Amino acid sequence: MNETGAPDPDDILQYAIDALADIREATLPPEKWEQFRSCLVLMNEALDRRDLVAVNRCRQRIEALENLLGAKADLAKDVRQSVPLRGQADRLTDRLRREKGDGSEPDGRGR
């Protein structure tokens with residue numbers, strides 16, 4: 001956080017990177033993966049507008065999806081992240097890293 005108590009832009013980007021990495025190996029119901037896909041689209045649009053508040057809201061939605069992992073009743077219907085969706089998330093992770101300017105090479109793996 002900065003002097004005003006607002007989250008630092010680099011922290012917001014790092015939290016988003018971490019959220020994408022944390023959900024990478026998750027298993028969720030297919031409808032939750034559709035919600036995740038929607039979050040990816042919204043986060044990309046927010047980055048286009050340089051709207052870090054919206055990026056942070058998307059990150060919180062992704063974390064809420066991940067938090068469902070321990071509270072689900074029917075694990076038999078859960079599936080892993082699809083390859084196309086994983087590729088979309090990896091591209092967003094690489095973009096977040098570039099926006100953050102952390103200097104690391106994009107590896108397409110989320111961490």
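In this predicted model, helix H4 covers residues 83–100, and its 18 residues should span 26 Å at 1.5 Å a residue. The C-alpha atoms at the two ends of H4 lie 25 Å apart, which agrees with that expectation.

Both ends of H4 repay a closer look. At the N-terminal end, serine 82 serves as the cap, with a side-chain oxygen 3.2 Å from the backbone nitrogen of leucine 85. Just beyond the helix, glycine 101 adopts a positive phi of about 70°.

Between these ends, the buried residues of H4 begin with the run Leu85, Arg86, Gly87, Gln88, Ala89 and Asp90. Leu92, Thr93, Asp94, Arg95, Leu96 and Arg97 are buried as well. The list thus includes arginines and aspartates alongside leucines. As for their partners, the buried residues of H4 pack against helix H1 (9–23) and helix H2 (30–49).

Attention then turns to the cysteines. How many disulfides does a search of the whole structure find? The search returns zero. For cysteine 39, the closest cysteine sulfur belongs to cysteine 58, and the two sulfur atoms are 5.7 Å apart, too far for a bond. A disulfide would need the pair to be within 2.5 Å, so the 5.7 Å separation of cysteine 58 from cysteine 39, its closest cysteine sulfur, rules out a bond here. Cysteine 39 is buried, with a relative accessible area of 1%. Cysteine 58 also counts as buried, at 6% relative accessibility.

Conventions: Residues numbered from 1 in each chain as written. Predicted model: local features only at pLDDT ≥ 70, side-chain atom pairs only at ≥ 80, totals over all residues. Heavy atoms only, no water. Helix = DSSP H or I, 4+ residues; strand = E, 2+ residues; numbered from the N terminus. Expected span 1.5 Å × (residues − 1). Buried < 20%, exposed > 50% of the residue type's maximum accessible area, 1.4 Å probe, protein only. Contact = heavy atoms within 4.5 Å. Polar contact = N/O pair within 3.5 Å; in protein donor to acceptor, adjacent residues only side chain to side chain.
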